[in-house]
Each structure stands twice: as structure tokens, then as C-alpha cells.
Amino acid sequence: MERSTFVYDGDCAFCTRCAEFVARRVPTDARVVPWQFADLDALGLTEAECEAAVQWVGADGSRAAGPDAIARLLGDSGPLWRLAGAGLRLPPVRAAAWPAYRWVARNRHRMPGGTAACAVPSARRD
């Protein structure tokens, strides 16, 4: 793969707003694409993985999910964003990031820009 890819849920308005923020403000060479329009087979991802969390597939084939994927995206960006990505990878921050990410994922329909379509059915959340 010649370019890294960050995959998010394009059916979620909150996730889409976050991806639009990345496109406007985070200088990265990575493709930022909704999983519904990505070639998941080529990326080595499944729908279940993409429904569970954002995904990162590096140009080198490395993979990450959730806040680890966000840290990789930031690490692939400009200097200030790289610093934020490095901070997100620090063990105590990373330990707190996963529970926070899961909480946001469960409540994304309540977040700014979120809609009822963002809600993940409780059977898939558990």
C-alpha cells in the first residue's frame, strides 16, 4: 500500500464531522475515508472492526483501532499534531483513552453534530 488510510463510520454524523475537521485542520497524507466507501478487503479490515472503532492501516501494513488509530493519524501529521499523537501514546494517557473512546462511541448520537442515526444498537455495543 502506498498511502496510509484512516477509516471511520460514514453513517455517523458525529464521526463525519470529526473526519471533516481532520480534513480541514490536520495536515496528513493519509486517506480519510468512511468504511462504507472503502475497499475493506484491500485494507484487510472487516465491517465488524469498522463498526466497533475507527481504524488505521499504515502504508507499511501496520494497523490500529480506536484511540490508537487516532494517535497514528496525528503522528502522520504536522509537528504540533505529532506531539498530540505522541501524548496519546503515553501509557497513562492511552490507558484512559480507551475507556473515554468507548464512552464517546456509545454516546456519539448525543455529541455535537450527532444524530439518532449515529446510535449503535445496544446489542452491538456490548
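Trainee: Which residues are buried in helix 4?
Mentor: The model is predicted, so local features need pLDDT of at least 70 and side-chain atom pairs count only at pLDDT 80 or more, while totals for chains, interfaces and linings use all residues. Residues are numbered from 1 along each chain as its sequence is written, and side-chain values use heavy atoms, with hydrogens and water left out. Buried means under 20% relative accessible area, exposed over 50% and partly exposed in between (1.4 Å probe, protein chains only). By that criterion, the buried residues of helix 4 are Gly-66, Pro-67, Asp-68, Ala-69, Ala-71, Leu-73 and Leu-74.

Trainee: How many residues of helix 4 are buried?
Mentor: Helices (H or I, at least four residues) and strands (E, at least two) are DSSP runs, numbered from the N terminus. Helix 4 is mostly covered, and of its 10 residues the number that are buried is 7.

Trainee: In what order do the 4 strands of the open sheet stand?
Mentor: Two strands pair if DSSP finds at least two bridges between them. The edge strands, each paired on one side only, are strand 2 (31–34) and strand 4 (63–65). The pairing in the sheet is mixed, and the order is 2-1-3-4.

Trainee: Do strand 1 and strand 3 run parallel or antiparallel?
Mentor: Strand 3 covers residues 55–57, and 3 bridges join strand 1 to it. Within this pair, Thr-5 stands opposite Val-57 in strand 3. The direction of strand 1 relative to strand 3 is antiparallel.

Trainee: What angle does the direction of helix 4 make with that of strand 4?
Mentor: Helix 4 packs on the sheet and touches strand 1, strand 2, strand 3 and strand 4; contact means heavy atoms within 4.5 Å. Axes are lines fitted to C-alpha atoms, for helices over the stretch in contact, and angles run from 0 to 180 degrees between N-to-C directions. On this basis, the angle between helix 4 and strand 4 is about 125 degrees.

Trainee: Which element gives the most residues to the largest nonpolar core?
Mentor: A nonpolar core is a set of buried Ala, Val, Leu, Ile, Met, Phe, Trp, Tyr and Cys residues joined through side-chain atoms within 4.5 Å. The largest holds 18 residues, and those touching the most other members are Phe-6, Tyr-8, Val-54, Trp-56, Ala-69 and Leu-73. Two or more residues come from each of strand 1 (5–8), helix 1 (13–25) and helix 4 (66–75). With 4 residues, the element that gives the most is helix 1.

Trainee: Where does Val-7 lie, and is Val-7 buried or exposed?
Mentor: The contacts of Val-7, leaving aside neighbours within four places in sequence, are Val-33, Pro-34, Trp-35, Leu-43, Leu-45, Cys-50, Val-54 and Gln-55. One of these, Val-33, is 26 residues away in sequence, yet the two C-alpha atoms are 5.1 Å apart in space. Val-7 belongs to strand 1, and its relative accessible area of 1% makes it buried.

Trainee: Why does the pair of Phe-21 and Trp-81 count as edge-to-face?
Mentor: Rings of Phe, Tyr and Trp (its six-membered ring) pair if their centres lie within 6.5 Å; planes under 30 degrees apart count as stacked, over 60 as edge-to-face and the rest as tilted. The structure holds 2 aromatic pairs. In the pair of Phe-21 and Trp-81, the ring centres are 6.1 Å apart, and the pair is edge-to-face because the planes stand at 80 degrees.

Trainee: How many residues apart in sequence are the parts that Phe-21 and Trp-81 tie together?
Mentor: Phe-21 is partly exposed at 36% relative accessibility, and Trp-81 is partly exposed at 28%. Phe-21 lies in helix 1 and Trp-81 in helix 5 (residues 79–89), so the pair ties together parts whose separation in sequence is 60 residues.

Trainee: At what angle do the ring planes of Trp-98 and Tyr-101 stand?
Mentor: Both residues lie in helix 6 (residues 91–106), 3 residues apart, about one turn of the helix. An α-helix has 3.6 residues a turn, so residues three or four places apart point the same way. Tyr-101 is buried, with a relative accessible area of 17%. The ring centres of Trp-98 and Tyr-101 are 6.0 Å apart, and the pair is edge-to-face because the planes stand at 70 degrees.

Trainee: Which residues does Ser-77 touch, not counting residues up to four places away in sequence?
Mentor: Ser-77 sits in the loop between helix 4 and helix 5. Its relative accessibility is 4%, so Ser-77 counts as buried. The residues that Ser-77 touches are Val-26, Pro-27, Thr-28 and Arg-82.
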